[in-house]
Number of protein chains: 2
Amino acid sequence: MESLKKKILTDGAIANDNVIKVDSFLNHQIDIDLLNEIGKEFKSRFLNERVDKILTIEASGIAIAVITAQYFNVPVVFAKKTESKNLDKETYESIVHSYTRNMTYTIKVSKKYINKGENILIIDDFLANGKAAEGLVDIVNQAGANLIGVGVVIEKGFQEGGKNIRKKGIRLESLAIINKVEDGKIIFK
Amino acid sequence: MESLKKKILTDGAIANDNVIKVDSFLNHQIDIDLLNEIGKEFKSRFLNERVDKILTIEASGIAIAVITAQYFNVPVVFAKKTESKNLDKETYESIVHSYTRNMTYTIKVSKKYINKGENILIIDDFLANGKAAEGLVDIVNQAGANLIGVGVVIEKGFQEGGKNIRKKGIRLESLAIINKVEDGKIIFK
């Protein structure tokens, strides 16, 4: 997706440790026009698929999922990372390790909201080690739902997540794949 | 907002301890059509105001804020509740106590994304004790931005948040105000 790559190059930033920062338009401040372009792009990539529901994970996945859901005309469900008094007792759960935060947490989805036989599209902002996406895939499988595919805005191609997900035969659509960050410059695939 | 009240009555649930659950359409599974109605309603309530940016807080505020932002044609900024490696060092911070979770946490917004003189509309899903909203107001004030008002989807009228915010002279627009929950029944204002 060329407009996204351009945005990453012009408005993205590289922190000292070669971390890619897109918090000016994607995961802290959010550019709604860009999000709509992203939503349309996901729709065009999964145009011939029947999607019943979009599944994402809090927090930054939510923005992308809800805007994208408008193009599919389906509801969104987001997995919870944090304990919530209001969450149902009956949940599908998966354990996810975050390398960024160096911690392990349990993601949960109420059993009411992912049903057997439903066609689920997983949407998230970033794919790096892919542990969050794998946790969502695990929940789709536990529910006996059909996984249509995984759509991510930015894939870090130099980490293992994308490879691992594709190896499982899962359709992965990444709107921008970053191959490496070198001397403060982003190189796309 | 009549369609919202109807939705709360038909699809909302009351947990044993008189907790109002709207996780089937607002804060776990998300009804995108309803969210668009909510976004339009916020736009009509703040029609004559110049809004430069919408400020919300992760996680469930994000869905409402981004859909609403489409009607104002402005970006969204969401305050972070959790530590993030990617967050700037220079942040506006406010301490928020959550009665629901019985914990105190620090909310943070990068100083880059709320600027002096900007017109800010705060949007969130629930207003109960109002501590999260007050934390967001505090951040707007720290930044020297102009607070246009606060828009919430559901106000729990039997808790103090709404009263406290209105007492400060802040314009508060609540799309549904619940006066009480009695014998498993929701009574609107």
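**Helix 3 against helix 3**

I began with helix 3 (residues 60-72) of chain A and helix 3 of chain B, which pack at an angle of about 50 degrees with their axes 8 Å apart. The model is a predicted one. I noted the two helices as oblique to each other. The crossing of helix 3 of chain A with helix 3 of chain B is right-handed. I then listed who makes the contact. Chain A puts in I62(A), A63(A), V66(A), I67(A) and Q70(A) from its helix 3, and chain B puts in I62(B), A63(B), V66(B), I67(B) and Q70(B) from its own. By residue class, I have 8 nonpolar, 2 polar and no charged in the contact of helix 3 of chain A with helix 3 of chain B.

**How the chains relate**

Next I looked up the superposition. Chain B lies on chain A with an RMSD of 0.0 Å after a turn of 180 degrees and a shift of 0.0 Å along the axis. That is the relation of a two-fold axis. Which residue of chain B comes closest to the rotation axis? I found A59(B), with its C-alpha at 2.5 Å. I also checked the interface. Of the interface residues of chain B, 100% are also interface residues in chain A, so the copies meet through the same surface.

**The loop before helix 3**

A59(B) made me look at its backbone. The peptide bond joining E58(B) and A59(B) is cis, with omega about 0 degrees. A59(B) sits in the loop between strand 4 (53-57) and helix 3 of chain B. I turned to chain A. There the peptide bond from E58(A) to A59(A) is cis, with omega near 0 degrees. I placed A59(A) in the loop between strand 4 (53-57) and helix 3 of chain A.

**Helix 2 against helix 3, within chain B**

I stayed with helix 3 of chain B and looked at helix 2. The axes of helix 2 (residues 32-45) of chain B and helix 3 (residues 60-72) of chain B come within 8 Å and cross at roughly 55 degrees. I put this pair down as oblique too. The crossing of helix 2 of chain B and helix 3 of chain B is right-handed. Helix 2 of chain B contributes I32(B), L35(B), N36(B), I38(B), G39(B), K40(B), F42(B) and K43(B), while helix 3 of chain B contributes A63(B), I64(B), I67(B), T68(B), Q70(B), Y71(B) and F72(B). I recorded 9 nonpolar, 4 polar and 2 charged residues for this contact. A63(B), I67(B) and Q70(B) are in this list, and they are also in the contact with helix 3 of chain A.

**Positive phi**

I looked up two residues here. N73(A) is not a glycine, yet its phi is positive, about 60 degrees. I found N73(A) in the loop between helix 3 and strand 5 (76-79) of chain A. At 60% relative accessibility, N73(A) counts as exposed. D183(B) is not a glycine either, and its phi is positive at about 50 degrees. I located D183(B) in the loop between strand 10 (172-182) and strand 11 (185-188) of chain B. Its relative accessibility is 77%, so D183(B) counts as exposed.

**A glycine in chain A**

Last, G130(A). I found G130(A) in the loop between strand 8 (119-127) and helix 4 (131-143) of chain A. Is G130(A) buried or exposed? Its relative accessibility is 6%, so I entered G130(A) as buried. Leaving aside neighbours within four places in sequence, G130(A) is in contact with G161(A) and I165(A). I also looked up M103(A): G130(A) and M103(A) are 27 residues apart in sequence and 14 Å apart in space, C-alpha to C-alpha.

How values were computed: Residues numbered from 1 in each chain as written. Chains lettered and ligands numbered in written order. Predicted model: local features only at pLDDT ≥ 70, side-chain atom pairs only at ≥ 80, totals over all residues. Heavy atoms only, no water. Least-squares fit on C-alpha atoms with pLDDT ≥ 70 in both. Contact = heavy atoms within 4.5 Å. Axes fitted to C-alpha atoms, helices over the stretch in contact; angles between N-to-C directions. Helix = DSSP H or I, 4+ residues; strand = E, 2+ residues; numbered from the N terminus. Parallel < 35°, antiparallel > 145°, perpendicular 65-115°, else oblique. Left-handed = near helix turned anticlockwise from the far one by under 90°. Nonpolar A, V, L, I, M, F, W, Y, C, P; charged D, E, K, R; others polar. Buried < 20%, exposed > 50% of the residue type's maximum accessible area, 1.4 Å probe, protein only.
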